[in-house]
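Please look over the model below before you read my notes. I have kept the points short and numbered.

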Amino acid sequence: MDILYSDKQIVVCIKPLGLDSELELPQALKEMFPGEIFPIHRLDKNVSGVMVYARTKAAAAELSRAVQEGTMIKEYVARVHGVPPQQGDWTDLLFKDSRKNKVFVVKRKRAGVKEARLEYQRLSQEDPCLVRIRLHTGRSHQIRVQFSSRGFPLVGDHKYGARDEETAPKLYSCCLVFPYGGEVRRFEVLPDWA
């Protein structure tokens with residue numbers, strides 16, 4: 001596992017594909033960094049990329065506050081089937097069916113429905129297309145559902161409509177920006193396919 005930064009308060013790493021971000025990855029980090037590891041945000045098991053974990057309760061509170069206040073910026077790159085418009089700012093209502101572990105775009109607000117917003121910029125012209133996404137809300141499967149619902153399923157995302165040979169969605173958490181220790185920290189890494 002690649003460690004991008006660590007100190008006594010936090011550790012920033014690249015989450016490997018196939019590890020659970022709330023259980024398995026913190027356990028792996030504990031083997032490298034003795035003591036507590038507190039998850040701040042999550043990535044699906046079949047998604048990799050930049051993540052931050054707290055090593056103290058104080059750091060966990062500070063980073064959690066950044067998430068709540070929207071001062072933690074999360075950006076992703078994805079390969080999608082089709083060629084979406086050059087840029088977009090999408091807001092949808094999402095409903096998660098926990099029994100099926102699947103999320104759906106719905107038309108009306110009701111119990112269990114949450115608003116989801118993202119902005120994206122298209123980075124290539126060919127199909128499949130490379131896009132860079134900034135999340136404004138962190139809903140389960142949000143990027144995957146919002147692109148698929150508009151006819152642009154992520155390459156490798158068979159749960160949400162892709163019909164290709166890839167084994168995992170081409171989605172990567174490429175950039176985290178957050179306030180920490182009185183300054184703004186930025187960590188950015190792109191995957192080989194981007």
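The points below go through the cores, one helix, the backbone outliers, the cysteines and a few single residues.

1. **Status of the model.** This is a predicted model. Please read every point below with that in mind.

2. **The main core.** The largest nonpolar core has 25 residues. Those with the most contacts inside it are Leu29, Tyr53, Val80, Leu118, Ile133, Ile143 and Phe147. Several elements give two or more residues to this core: strands β2 (10-15), β4 (48-54), β5 (73-80), β8 (113-122) and β9 (129-135), and helices α1 (24-32) and α3 (142-148). The top contributor is β9, with four residues.

3. **A second core.** Apart from the main core lies another one, of 23 residues. Among its members are Ile14, Val52, Val77 and Val177.

4. **Val80.** Which residues does Val80 contact, leaving aside its neighbours within four places in sequence? One group is Asp127, Pro128, Cys129 and Val131. Phe147 is also in contact with Val80. The list is completed by Phe152, Pro153, Leu154 and Val155.

5. **Helix α2, length.** Helix α2 covers residues 57-69, which is 13 residues. At 1.5 Å a residue, α2 should span 18 Å. Its end C-alpha atoms are 18 Å apart, so the two values agree.

6. **Helix α2, two sides.** The buried residues in α2 are Ala59, Ala60, Leu63 and Ala66. Seen down the helix axis, the buried residues of α2 fall within an arc of 125°, so they line one face. What covers them includes β2, β3 (38-39), β4 and β10 (171-180). The face turned away from the buried side carries Lys57, Ala58, Gln68 and Glu69, which are exposed. After α2 comes Gly70, with a positive phi near 80°.

7. **A cis peptide bond.** Most residues other than glycine have a negative phi, and most peptide bonds are trans. The bond from Asp127 to Pro128 is cis, with omega near 5°. Pro128 sits in the loop between β8 and β9. Both Asp127 and Pro128 are on the contact list of Val80.

8. **Positive phi outside glycine.** Asn101 is not a glycine, yet its phi is positive, about 50°. Asn101 is in the loop between β6 (87-97) and β7 (102-106). Its relative accessibility is 33%, so Asn101 counts as partly exposed. His141 is not a glycine either, and its phi is positive at about 60°. His141 lies in the loop between β9 and α3. With a relative accessible area of 7%, His141 is buried.

9. **Ser140.** Ser140 is also in the loop between β9 and α3. Its side chain makes a polar contact with the side chain of Lys96, at 3.4 Å. Leaving aside neighbours within four places in sequence, Ser140 is in contact with Arg42, Lys96 and Val103.

10. **Cysteines.** How many disulfides does the model have? The count comes to zero. Cys13 is in no disulfide, and the nearest cysteine sulfur, that of Cys175, is 15 Å away. Cys13 is buried, with a relative accessible area of 0%. For Cys129, the closest cysteine sulfur is in Cys174, at 15 Å, which is too far for a bond. Cys129 counts as buried because its relative accessibility is 0%.

11. **Ser21.** Is Ser21 buried or exposed? Its relative accessibility is 2%, so Ser21 counts as buried. Ser21 is in the loop between β2 and α1. Not counting residues up to four places away in sequence, Ser21 touches Lys15, Pro26, Pro39, Arg42, Leu43, Met51 and Tyr53. Arg42 is a contact of Ser140 too.

12. **Ile14.** Ile14 lies in strand β2. At 12% relative accessibility, Ile14 counts as buried. Ile14 and Gly49 are 35 residues apart in sequence, but their C-alpha atoms are 4.9 Å apart in space. Not counting residues up to four places away in sequence, Ile14 touches Met1, Asp2, Leu4, Gly49, Val50, Tyr172 and Val189.

How values were computed. Residues are numbered from 1 along each chain as its sequence is written. This is a predicted model: local features need pLDDT of at least 70, side-chain atom pairs count only at pLDDT 80 or more; totals for chains, interfaces and linings use all residues. Side-chain values use heavy atoms; hydrogens and water are left out. A nonpolar core is a set of buried Ala, Val, Leu, Ile, Met, Phe, Trp, Tyr and Cys residues joined through side-chain atoms within 4.5 Å. Buried means under 20% relative accessible area, exposed over 50%, partly exposed in between (1.4 Å probe, protein chains only). Contact means heavy atoms within 4.5 Å. A polar contact is a pair of N or O atoms within 3.5 Å; within protein, one must be able to donate a hydrogen and the other to accept it, and residues adjacent in sequence count only if both atoms are side-chain atoms. The expected span of a helix is 1.5 Å times one less than its number of residues. The arc is that of the directions from the helix axis to the C-beta atoms. A disulfide is a pair of cysteine sulfur atoms within 2.5 Å.
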